[in-house]
Amino acid sequence: MARTEAQDMPAASAEPVVGEIVPAVADEALREAVWARVQMARNVQRPHTLELVRGMARDVVELHGDRRFGDDPALVGGFATIGDHRVVFLGHQKGNEVEENIRRNFGMPHPEGYRKAGRLLRLAERLGLPVVTFVDTPGAAPDAASEERGQAEAIARNIADMTSLRTPIVTVITGEGGSGGALAIAVGDVVLALENAIYSVISPEGCASILWRTADMAREAAVAMRLTAREQQALGVIDTVISEPGQGAHEDAEETARRLGEAIEAQLEALVHHDLDRLVRARYTRYRDFGAFTTADLPVRERRERQNLVDRLRALLDSGQSVVGVGQGQRLVPEAADDRDGGRETEVDGHAHLGDEGSDE
C-alpha cells in the first residue's frame with residue numbers, strides 16, 4: 001500500500017531525523033530539543049479523544065462496558081460521523097484536572113478497557129464501518145488487579161484481532177504513544193501523528209531505569225529511542241505528521257480537531273475503496289516488516305541418539321562405578337564382589353544381575 005506524504009511540514013528543529021543530514025548540535029541542545037517534545041506530548045491541556053472527536057465529527061454516541069467486568073473510563077469509544085463516513089472510534093482518555101485524571105487513571109486502561117475496545121472492533125467489522133483510533137497513553141495499567149484480570153491477554157487479543165479485522169483502520173497518535181498499551185489500539189492501515197506526539201516501546205524514564213539504572217537519564221534515553229513524530233515518520237512507523245496550531249495543540253483544540261478531521265477524512269476516502277483481502281494482507285505485512293535484523297546460519301551439531309534405560313544401566317554397570325546392592329542397602333563394586341563372594345554376573349531378559357554361584361535365583 002502506498003504511503004501518504006507528510007502534510008503541513010513545520011520548520012526544521014534541532015531534533016534528529018533519520019535518513020537526513022542534520023547540522024552538528026551540542027549534546028545538551030539535542031537533549032533539550034527532544035525533551036521539549038516529550039513534555040509537549042504530556043501537556044495535560046492537550047485535547048483528548050472525546051474533545052477531538054466532538055470537534056471533528058457529528059452524531060457522536062459513546063458506548064460503555066466490555067460485557068464481562070465493567071466500564072473503563074480510561075478508554076472510550078462509540079459511533080461518530082466524520083465527513084460522509086460513519087465510523088467507530090476508540091481512544092485513550094486523560095483528564096485536564098487532577099480529579100478527572102485520577103478517575104480516568106491518567107489514560108492507562110485496565111483489561112476491561114481493552115476488552116471494550118475489542119468488542120467495538122468486532123462490532124465495526126460486523127456493521128462494515130471503518131475504525132478510527134486515538135492513541136494517548138503512557139502505557140497500560142500496571143497494577144496487580146489488572147494483571148489478575150488478564151492485562152497481557154487483553155492487549156494481545158486486540159493486536160491479533162486488529163491485524164485481521166476486515167474493515168479499514170486509521171490510527172492517530174495525539175500525545176503519548178507508550179508500549180503495548182498504545183499498540184493495543186494502534187494496528188492501523190494508516191498511522192497519523194500530531195507534530196508534538198511521541199511513539200515508543202517504553203517511556204524514557206522506564207528505558208533509562210533499565211539501561212542506566214536511574215530515571216535521571218531520561219533525556220538521554222529519549223534521544224536514543226528516536227521517539228518524536230518526525231523520527232518515527234522517517235523510520236516508516238508513522239505515515240503522516242500533522243502540524244499543530246501556534247505553539248501546540250493545547251493552545252487551540254478546535255483548530256487541532258479540524259486539521260485532524262480533514263486528514264482522517266482523506267484517508268477514509270482512499271481506504272474504503274480497497275479490496276478487503278488486500279487491505280488485511282497489507283496491514284499484516286506492514287507490522288511484520290517493522291525493524292531491522294540480519295540472519296545467520298547456525299552450525300549443524302551432530303545429534304546423539306538417546307539411549308534407553310536398559311542400555312544406560314548396562315553402561316553404568318560396565319563402567320565399574322559403585323551401585324547399590326539389591327536388597328542389601330550397601331554399596332558394592334561389581335568386580336570386588338565377584339572376587340570376594342564368588343558371585344557371578346548373569347544376564348536374564350536383558351538385565352544384569354549379581355548373585356552367588358549356589359543361589360537358586
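This tour moves through the structure stop by stop, naming what to select and what is found there.

**The whole chain**

The model is predicted. Begin with the full protein in a cartoon view, where 14 helices and 12 strands can be traced. Of its 361 residues, 45% count as buried. Switch next to a surface view: the accessible surface comes to about 19,700 Å², and carbon and sulfur atoms hold 51% of that area. Among contacts with a separation of 6 or more, 69% are made by residues 24 or more positions apart.

**The cavity**

Rolling a probe the size of a water molecule over the atoms shows where empty space is left. In this structure there is 1 cavity of 30 Å³ or more, and about 60 Å³ of space lies in the largest cavity. To display its lining, select R42, P138, E176, G177, G178, I198, S200, I202, S203 and P204. Two elements give two or more residues each to this lining, namely strand 5 (169-178) and strand 7 (198-200). Which element gives the largest share of the lining? Strand 5 does, with 3 residues. Coloured by class, the lining shows 4 nonpolar, 4 polar and 2 charged residues.

**T174 in strand 5**

Remain on strand 5 and select T174, which lies in that strand. Is T174 buried or exposed? T174 counts as buried because its relative accessibility is 2%, under the 20% limit. Now show the residues that T174 contacts beyond its neighbours within four places in sequence: R46, L52, F134, V135, D136, L194, A197 and L260.

**A41 in helix 1**

Select A41 next, in helix 1 (residues 27-41). A41 is buried, at a relative accessible area of 2%. Setting aside residues up to four places away in sequence, A41 touches R46, D136, G175, E176, N196, A197 and I198. Two of these partners, E176 and I198, have appeared on this tour already, as part of the lining of the largest cavity. R46, D136 and A197 are also familiar, as contacts of T174. For a long-range distance, select the C-alpha atoms of A41 and T228: these residues are 187 residues apart along the chain, yet the two atoms are separated by 9.5 Å.

**Q151 in helix 6**

Move to helix 6 (residues 151-163) and select Q151. Q151 is buried, and the reason is a relative accessible area of 3%, which falls under 20%. Apart from neighbours within four places in sequence, Q151 is in contact with P109, H110, P111, Y114, A140, A141 and S146. One of these contacts, A140, is 11 residues from Q151 in sequence; C-alpha to C-alpha, A140 and Q151 are 8.0 Å apart.

**E97 in a loop**

Turn now to the loop between strand 3 (85-92) and helix 3 (98-103), and select E97 there. E97 counts as exposed because its relative accessibility is 55%, and the class begins over 50%. Add Q45 to the selection: E97 and Q45 are 52 residues apart in sequence, with 8.7 Å between their C-alpha atoms.

**Two residues with positive phi**

The next selections concern the backbone. Select D59, in strand 1 (residues 58-63). Phi of D59 is near 55°, a positive value in a residue other than glycine. Continue along the chain to R67, in the loop between strand 1 and strand 2 (75-82). R67 is likewise a residue other than glycine with a positive phi, near 65°. Is R67 buried or exposed? R67 is exposed, as its relative accessible area is 63%.

**The aromatic pair**

For the last stop, how many aromatic pairs does the structure hold? There is 1. Select Y287 and F290 and show the rings, whose centres are 5.2 Å apart. The planes of the two rings stand at 75°, so the pair is edge-to-face, that arrangement being assigned over 60 degrees. Finally, keep F290 selected and view the surface: F290 is partly exposed, with a relative accessible area of 28%. That value lies between the limits of 20% for buried and 50% for exposed residues.

Terms used. Residues are numbered from 1 along each chain as its sequence is written. This is a predicted model: local features need pLDDT of at least 70, side-chain atom pairs count only at pLDDT 80 or more; totals for chains, interfaces and linings use all residues. Side-chain values use heavy atoms; hydrogens and water are left out. Helices (H or I, at least four residues) and strands (E, at least two) are DSSP runs, numbered from the N terminus. Buried means under 20% relative accessible area, exposed over 50%, partly exposed in between (1.4 Å probe, protein chains only). Contact means heavy atoms within 4.5 Å. Accessible areas come from the Shrake-Rupley method with a 1.4 Å probe; for residues, only the protein chains shown count as cover. On a 1 Å grid over the protein atoms alone, a cavity is a set of points where a 1.4 Å probe fits but cannot get out, and a pocket is an open set with protein on both sides within 12 Å along at least five of seven lines; lining residues have an atom within 4 Å of a point. Grid points are joined across faces, edges and corners, and a volume is the space filled by probe spheres set on the points. Ala, Val, Leu, Ile, Met, Phe, Trp, Tyr, Cys and Pro count as nonpolar, Asp, Glu, Lys and Arg as charged, and the others, Gly among them, as polar. Rings of Phe, Tyr and Trp (its six-membered ring) pair if their centres lie within 6.5 Å; planes under 30 degrees apart count as stacked, over 60 as edge-to-face and the rest as tilted.
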